[in-house]
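Reader: Hi! Could you take me through one part of this protein up close, the empty spaces inside and the helix beside one of them? I'm new to this, so please go slowly.

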Amino acid sequence: SGEDVVGTWYLFGSVVKETGARSDSNEFSRSVAGSYLLPSGYQRTCFGDLMPTLVFASSKGGVGKTTSALTLASVISHLGVSTTLIDADPNTPLALWAKRFPANVPANLTIQAAFRTDVAEFIDSAKDTYVIVDLEGSRNEEVSVAIGRADLVLIPMKGNQLDADEAVNVIKVIRKQETIF
């Protein structure tokens, strides 16, 4: 387009280049790739056909996995990007929220309850641009399998030793999955 490249930065793992003068407005426009919204003046330079799978994991409950997963999924959805949020918690808090407050669920956000089912099947069959998985606060086979399918594992924790110890346990599962795959 003849504009100078002002800077290069990352958005959800994708390299984007800032061209021309950056606008301070909150306007967004579709990127050339068509499925991601970027601030006006930005263009995607590489991404490929990836469908990022983000997994929130901790073997401890009450650390903020569900809140973090819903917040991230909502932000991405409000940017116009189709997102699947998989609720793999036995209490299905996300599925219950969606059922109770359907008007609050963005049109491009799909929420699926997957507890006591094959979480990997839900991840593999998702068609949306992003897949976010809220795992239950325990250590079991489904948690390990979901971690093995993740492009990124996020481990929420509070500032205490018990949460830190449990985060270490999740990191050990991640390391084990790396050797398997």
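Author: Sure, and one bit of vocabulary comes before anything else: Ala, Val, Leu, Ile, Met, Phe, Trp, Tyr, Cys and Pro count as nonpolar, Asp, Glu, Lys and Arg count as charged, and the others, Gly among them, count as polar. Keep in mind, too, that this is a predicted model.

Now for the empty space. Rolling a probe the size of a water molecule over the atoms shows where empty space is left. Here the count comes to two cavities of 30 Å³ or more.

Let's start with the second largest cavity, which has a volume of about 40 Å³. Its lining is made up of Ala 57, Ser 58, Ser 59, Ser 138, Arg 139, Val 143, Ile 147, Val 170 and Val 173. Sort those by class and you get five nonpolar, three polar and one charged residues. Two helices, H4 (141–149) and H5 (161–180), each supply at least two residues of that lining.

So what does H4 look like from the inside? The buried residues of H4 are Val 143, Ala 146 and Ile 147. Looking down the axis of H4, you'd find these buried residues within an arc of 100 degrees, so they line one face of the helix. There's a neat bit of background to that: an α-helix has 3.6 residues a turn, so residues three or four places apart point the same way. And what sits over the buried residues of H4? The cover includes E6, helix H3 (119–125), strand E9 (130–135), strand E10 (152–154) and H5.

E6 deserves a quick stop. Strand E6 spans residues 53–56, and Thr 53 belongs to it. Thr 53 has a relative accessible area of 3%, and because buried means under 20%, this residue counts as buried. Leaving aside residues up to four places away in sequence, Thr 53 touches Ile 123, Val 131, Val 133, Arg 149, Ala 150, Asp 151 and Leu 152.

Back to the other hole: the largest cavity has a volume of about 50 Å³. It is lined by 11 residues, and the closest to its centre are Ala 88, Phe 115, Val 119, Glu 136 and Glu 142. By class, the lining of the largest cavity has six nonpolar, two polar and three charged residues.

One last oddity is Thr 92, in the loop between strand E7 (83–88) and helix H2 (93–100). Its phi is near 40 degrees, a positive value in a residue other than glycine.

Note on methods: Residues are numbered from 1 along each chain as its sequence is written. This is a predicted model: local features need pLDDT of at least 70, side-chain atom pairs count only at pLDDT 80 or more; totals for chains, interfaces and linings use all residues. Side-chain values use heavy atoms; hydrogens and water are left out. On a 1 Å grid over the protein atoms alone, a cavity is a set of points where a 1.4 Å probe fits but cannot get out, and a pocket is an open set with protein on both sides within 12 Å along at least five of seven lines; lining residues have an atom within 4 Å of a point. Grid points are joined across faces, edges and corners, and a volume is the space filled by probe spheres set on the points. Helices (H or I, at least four residues) and strands (E, at least two) are DSSP runs, numbered from the N terminus. Buried means under 20% relative accessible area, exposed over 50%, partly exposed in between (1.4 Å probe, protein chains only). Contact means heavy atoms within 4.5 Å. The arc is that of the directions from the helix axis to the C-beta atoms.
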